[in-house]
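Visitor: Please pick one part of this model and go through it closely, down to individual residues where that helps. I would like a connected account rather than a list.

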Amino acid sequence: MVVAEEELKFDNMLMHIAQQHNGIEPLFDTFFGFLRRKTDFYTGAQKAMAETLVMSSFKKHLNVALKEKAAREESDSFEKPVPKVEPATIEEITTEGAKATAPPVVPKPEKEDLSKPVDETKLEEGEESEKGKLEPNAGNGANYANYSFTQTLEELEVKVPFDVNFKVKSKDCKVDIREKSLSVGLKGHDPVVKGELYGKILTDEALWHLDDNAVVLTLEKFNKVEWWGTIIKGDQEISTKKVQPENSKLGDLDGETRSMVEKMMYDQRQKAAGMPTSDDQKKADTMKRFMEQHPEMDFSKCKWG
């Protein structure tokens with residue numbers, strides 16, 4: 001039976017969601033909970049039809065499933081041709097032959113260059129706290145030996161590669177995403193990443209998928225005006241003063257957050273050029289107005305910080 005493209009277009013997204021549930025019952029509970037929290041399915045104009053709509057959809061797909069099963073059984077019932085049996089032979093296996101018949105080895109994922117510490121000789125006055133921290137990567141995150149991450153003000157992407165010689169499948173993975181903790185690994189093995197998160201996340205928005213023998217997680221921050229120093233508390237942090245806010249999509253931010261980010265960007269450019277920041281300018285303007293309002297006072301001996 002041919003399945004329409006329209007029916008398949010959400011399969012990847014739904015599979016990501018299903019992978020994070022231990023069975024069909026928790027998956028149903030999440031879906032119907034979504035309808036309760038985000039729609040008026042139970043209380044709106046069609047509340048009397050809610051159960052009818054659910055059962056109608058269930059029966060529709062039940063009938064399709066039964067027809068598909070019957071078609072498969074009918075196809076399997078046809079007599080299959082008996083394969084021709086070749087006479088047994090003894091053949092010497094050479095070294096080259098052994099290599100040719102050996103199962104292919106899945107290449108291990110290439111590790112990204114590890115993040116390097118900040119250049120302490122270039123730290124400015126007041127940045128002593130940045131000593132020992134890492135330079136952010138191109139995505140405002142870091143590359144560690146066991147994982148890497150990038151971030152915007154709102155979202156994190158974490159990549160956890162598996163150093164194994166076989167093709168990893170979703171069923172091989174054990175991923176536990178919680179509001180304040182994370183654990184990623186392979187079943188039957190110690191986790192590759194495990195610990196308390198640097199900050200709080202929205203678990204309902206968390207997704208993960210496999211990409212070239214690596215688990216890739218998308219996590220939404222609870223606090224959307226904060227740069228994370230790392231993913232797991234205790235790991236070496238990046239210097240958040242070195243991040244590039246331009247990497248965030250300013251157009252997607254709300255007005256208050258956008259104003260804050262634009263101020264950060266302006267101050268960062270001013271500081272890099274040796275110019276006063278917006279706070280410095282505000283203080284200078286306030287002092288100037290005060291001096292103009294009090295010409296009788298002598299400010300010649302004042303030391304301005």
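Guide: Ser148 has Lys159 in β3 as its bridge partner. The model is a predicted one, in which local features need pLDDT of at least 70 and side-chain atom pairs count only at pLDDT 80 or more, while totals for chains, interfaces and linings use all residues. Numbering starts from 1 along each chain as its sequence is written, and side-chain values rest on heavy atoms, without hydrogens and water.

The bridge between Ser148 and Lys159 belongs to the pairing of β2, residues 148-151, with β3, residues 155-161. Strands here are DSSP runs of E with at least two residues, numbered from the N terminus, and two of them pair if DSSP finds at least two bridges between them. For β2 and β3 there are 4 bridges, and the two strands run antiparallel. Another contact across this pair joins Gln151 to Leu156, its bridge partner in β3. The two strands form a hairpin, with 3 residues between them.

Ser148 also has a partner in the other direction: in β2, Ser148 is the bridge partner of Asn143. That contact leads to β1, which is joined to β2 by 2 bridges, again with the strands running antiparallel. β1 and β2 form a hairpin as well, and here 4 residues lie between the strands. Ser148 can therefore be followed both ways, to Asn143 and to Lys159 in β3.

These pairings are part of an open sheet of 5 strands, with antiparallel pairing and the order β1-β2-β3-β8-β7. The edges are held by β1 (142-143) and β7 (207-210); each has a single partner strand, so one side of each has no neighbour in the sheet. In a regular strand, side chains alternate between the two faces of the sheet.

At the β7 end, the neighbour is β8, residues 214-220, and this antiparallel pair is made over 4 bridges. Within the pair, His209 stands opposite Val216 in β8. β7 and β8 form a hairpin with 3 residues between them, and Asp212, in the turn, has a positive phi of about 55°.

A further strand pair is worth setting beside the sheet. β5 (residues 181-186) and β6 (residues 193-196) pair in the antiparallel sense over 4 bridges. Leu182 faces Gly195, which belongs to β6. The hairpin of β5 and β6 has 6 residues between the strands, and in this hairpin Gly188 takes a positive phi near 85°. Neither strand appears in the order β1-β2-β3-β8-β7 of the sheet described above.

To return to the starting point, β2 is placed between β1 and β3 in the sheet order. On one side, 2 bridges join β2 to β1; on the other, 4 bridges join β2 to β3. Ser148 is a residue to look at when tracing both contacts, with Asn143 as one partner and Lys159 as the other.
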